[in-house]
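Reader: I would like to learn how to read the fine features of a model like this one. Could you take me through it step by step?

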Amino acid sequence: MERYSIWLRSIELLAVAVVLIFCVLKMHKKRFALYFKIFLCATACYLLFLLYDVITVICLSMQLAVDIGDIGVLGCGAFLFSANFGQMDGLVDEKKRNSCLIKWLSLLAPICLLAVFCLLTFSSNVSLSFKIFGIIPVLSGAIASYYHLKHILLPDDSLGLLKIVRPTNIFALSFLLFNTLFMGASIANYVIFKEIAGILSTLFICVMSGCLIKEAKKWKTSI
Amino acid sequence: MENVNLILYVAIAVPLFTVLLFGEIKSRMVVIFLLIGMTVGLFCGEVNTLVFNAIPLPEELFVVNISPVIEELCKALPIIAYAFLYCPSRKNLLISSFALGVGFAILENAIIIFSVEKISLWFALIRGFGCGISHGLCTMAVGYGCSFIYKRRKLFYTGTFALLLLAIILHAIYNLLMIGNYVVIGSVSPIVLLIVFRLLTRGKSNKKLGNSL
């Protein structure tokens, strides 16, 4: 990894750590819904992914192109999926008339993410095994993106929850998009593209986490 | 020479096993999970050796990339089985998970201390705190996910998987710090995590601890 890349990764790590600590302190004072805590776990997983990247450079003499640090990205996507599928979807999907069309439209999100990833990696000269293993961390995020887009497109539910969490879903979807671009660019070794995507994905996850606090307070008053 | 790992396991497990003859059910559960953790540790040692011989990776890359996956998966299985079969309360599940992780760490530390030439009290303290707490916390994370098994089945499947991944990457970072000559930082970080965890759950009473988490 180049020197400027390590510095950039360290700054991103610091930013996510500060935002996460702030959010945990805010959530600890008042009891917020499990849905928001799971989102914070996703942020924590992303933080560990960045931490692993930084520590690997310091501690190891050699690195793999696809390594266990990518599990941080897989875990982040898994937590986002868990929050939506496990918690939210059952509450807000009232199975109205147009929800079937919205479900089909929501499939665009994972298809686009995977298409973008495949386009980046398969256009490069990297070996096929790296491309195949590289897609695994991105899968959970792609599945989560379906629910994020679905919860953006669904009309407001009777409890008013969708209206509250819509901004978080928009930021989460943006984060997943740029993170997928980052993972693809890392494997394909498009350095500048990778760094820009990395900065934007960190920015969106920080904004998403900050947005959670505001929404969590509204959630308490709406139920 | 006979299998040293097995000898160490028997030397530690047999006295622990005799404790089961006494005490209440709760304290027996902790000892049972300590024993299960040690058994899982013994099993993981053999699996790690087999996989290391099969995959052509340098030792440091193997320790960081492969062994956390094997160990966390093996530790998770008894917890998932316990949650499925006995439907324990969240508090009991968390305590049992932590005990399993600590049992794993006990055997791992014994094997490492037995194989190292120069050992000191400082080394033992670092291994004891760092390894014990990190294994305990990682297994407890999976235990927390398992606590949703009967109340929210969807959350159990997805949450347990996500928490398992979190445990794996935490374990990998710990291994990375330990092999990278940042042993003190690697050992202190689980202690800090444990303190943070206890501070976050401090305000809740013993009764509510399991429900409010």
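Reader: Let us start with Phe171(A): which accessibility class does Phe171(A) count in?

Author: Buried means under 20% relative accessible area, exposed means over 50%, and partly exposed is in between, with a 1.4 Å probe and protein chains only. Phe171(A) has 23% relative accessibility, so Phe171(A) counts as partly exposed. Please keep in mind that this is a predicted model, where local features need pLDDT of at least 70, side-chain atom pairs count only at pLDDT 80 or more, and totals for chains, interfaces and linings use all residues. Residues are numbered from 1 along each chain as its sequence is written, chains are lettered from A and ligands numbered from 1 in the order in which they are written, and side-chain values use heavy atoms, with hydrogens and water left out.

Reader: Thanks! How do I read a pair of rings, and how many aromatic pairs does the structure hold?

Author: A pair of aromatic rings is described by the distance of the centres and the angle of the planes. Rings of Phe, Tyr and Trp (its six-membered ring) pair if their centres lie within 6.5 Å; planes under 30 degrees apart count as stacked, over 60 as edge-to-face and the rest as tilted. Over all chains, the structure holds 17 aromatic pairs. One of them joins Phe171(A) and Phe204(A), a tilted pair with 6.4 Å centre to centre and 35° between the planes. Phe171(A) belongs to helix H7 (residues 161–188) of chain A and Phe204(A) to helix H8 (residues 191–222) of chain A, so the pair ties together parts that are 33 residues apart in sequence. Helices here are DSSP runs (H or I, at least four residues), numbered from the N terminus.

Reader: Why is the pair of Phe84(B) and Phe156(B) put in its class?

Author: The ring centres of Phe84(B) and Phe156(B) are 5.7 Å apart and the planes stand at 90°, so this pair is edge-to-face. Phe84(B) is in helix H4 of chain B and Phe156(B) in helix H7 of chain B, 72 residues apart, so that the pair links distant parts of the chain. Phe84(B) is partly exposed at a relative accessible area of 33%, while Phe156(B) is buried at 4%.

Reader: Which residues do ring pairs link into a cluster?

Author: Tyr46(A), Phe49(A), Phe175(A) and Phe182(A) are linked in this way.

Reader: And where does a charge sit over a ring?

Author: The rule asks for NZ of Lys or CZ of Arg within 6 Å of the ring centre and within 35 degrees of the ring normal. Lys75(B) lies over the face of Phe104(B), 5.3 Å from the ring centre. The charged end of Arg90(B) sits over the ring of Phe148(B), at 4.8 Å from its centre.

Reader: Now for empty space: how many cavities of 30 Å³ or more are there?

Author: Rolling a probe the size of a water molecule over the atoms shows where empty space is left. On a 1 Å grid over the protein atoms alone, a cavity is a set of points where a 1.4 Å probe fits but cannot get out, and a pocket is an open set with protein on both sides within 12 Å along at least five of seven lines; lining residues have an atom within 4 Å of a point. Grid points are joined across faces, edges and corners, and a volume is the space filled by probe spheres set on the points. The count is 2 cavities of 30 Å³ or more. The largest cavity holds about 80 Å³ of space, and its lining has 13 residues, with Val73(A), Gly141(A), Leu176(A), Asn179(A) and Thr180(A) nearest its centre. The second largest cavity holds about 50 Å³, and its lining includes Val92(A), Asp93(A) and Pro155(A).

Reader: What classes do the residues of these linings fall into?

Author: Ala, Val, Leu, Ile, Met, Phe, Trp, Tyr, Cys and Pro count as nonpolar, Asp, Glu, Lys and Arg as charged, and the others, Gly among them, as polar. The lining of the largest cavity has 8 nonpolar, 5 polar and no charged residues. For the second largest cavity, the lining divides into 3 nonpolar, 2 polar and 4 charged.

Reader: Which element gives the most to the lining of the second largest pocket?

Author: H5(B) does, with 7 residues. This pocket has a volume of about 910 Å³ and a lining of 31 residues.

Definitions and conventions:
Helix = DSSP H or I, 4+ residues; strand = E, 2+ residues; numbered from the N terminus.
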